Amino acid sequence: MTKNDINTAFAEGTDCSQLVLEAFADKLAMDKDLAHRISAAFGAGMHQGETCGAVTGAGMVLGLKYGNDKELLLTKTEEFRNQIAKKYNSCMCKGILGYDISKEEERAKILEENLLFITCPAVVLDSIEILEKLL
């Protein structure tokens with residue numbers, strides 16, 4: 001998956017959470033359409049600027065892979081979150097983007113600064129890369 005692929009998907013209405021989970025659908029023996037629908041409500045921090053959709057998508061991947069081993073799941077999830085937080089200083093949309101996407105005036109700044117097509121694709125790609133190493 002490339003940054004251009006992600007930008008195209010964003011322009012078509014796909015969210016970070018969907019892109020991350022769909023990237024691993026085949027490895028998890030999951031139908032991509034099902035992955036797309038399961039993760040649909042988690043983009044843009046559940047549309048509230050909370051936990052980044054790429055992070056929740058990663059949580060879904062890790063849960064599907066390690067969900068029967070709670071200790072391993074928690075270890076892998078913490079490792080993922082630590083790596084994202086180290087790179088972006090946060091796992092929250094508000095922290096990563098520097099604006100609260102749930103507030104109209106701040107959402108306008110996100111769009112004005114083109115952060116959805118600059119920052120968000122980078123977080124998606126980094127999330128996928130980290131997950132590939134954790135699985």
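Leaving aside neighbours within four places in sequence, with which residues is Asp 15 in contact? In this predicted model, the contacts of Asp 15 outside that window are Phe 10, Ala 40, Gly 43 and His 47. The surrounding chain consists of nine helices and zero strands, and 44% of its 135 residues count as buried. Two asparagines, Asn 89 and Asn 114, have a positive phi.

**Overall fold and dimensions**

- Read from the N terminus, the order of elements is α-α-α-α-α-α-α-α-α.
- The radius of gyration of the chain is 14 Å, which agrees with the value near 14 Å for a compact globule of 135 residues.
- The C-alpha trace extends over about 45 × 30 × 25 Å along its principal axes.
- Of the contacts between residues at least 6 apart in sequence, 62% join residues at least 24 apart.

**Surface and charge**

- The chain has an accessible surface of about 7300 Å², and carbon and sulfur atoms contribute 50% of this area.
- The chain carries 15 positive and 21 negative charges, and the mean positions of the two sets lie 4 Å apart.

**Asp 15, a buried acidic residue**

- Asp 15 is located in the loop that joins α1 (3–11) to α2 (16–23).
- Although Asp 15 is buried, it has no salt bridge.
- For Asp 15, the nearest side chain of opposite charge belongs to Arg 107, at a distance of 12 Å; a salt bridge would require a side-chain nitrogen of Lys or Arg within 4 Å of a carboxyl oxygen, so the pair does not qualify.
- The contacts of Asp 15 beyond four places in sequence include His 47 and Phe 10.

**Asparagines with positive phi**

- Most residues other than glycine have a negative phi.
- Asn 89 has a phi of about 65°, a positive value although the residue is not a glycine.
- The loop that holds Asn 89 lies between α6 (70–88) and α7 (93–97).
- Asn 89 has a relative accessible area of 69% and is therefore classed as exposed, the cut-off being over 50%.
- Asn 114, likewise not a glycine, has a positive phi of about 60°.
- Asn 114 is placed in the loop between α8 (104–112) and α9 (115–134).
- With a relative accessible area of 37%, Asn 114 is partly exposed.

Notes. Residues numbered from 1 in each chain as written. Predicted model: local features only at pLDDT ≥ 70, side-chain atom pairs only at ≥ 80, totals over all residues. Heavy atoms only, no water. Helix = DSSP H or I, 4+ residues; strand = E, 2+ residues; numbered from the N terminus. Rg over C-alpha atoms; globule rule 2.2 N^0.38 Å. Buried < 20%, exposed > 50% of the residue type's maximum accessible area, 1.4 Å probe, protein only. Contact = heavy atoms within 4.5 Å. Areas by Shrake-Rupley, 256 points an atom, 1.4 Å probe, with all protein chains shown as cover. Lys, Arg positive; Asp, Glu negative; His and termini not counted. Charge placed at Lys NZ, Arg CZ, Asp CG, Glu CD.
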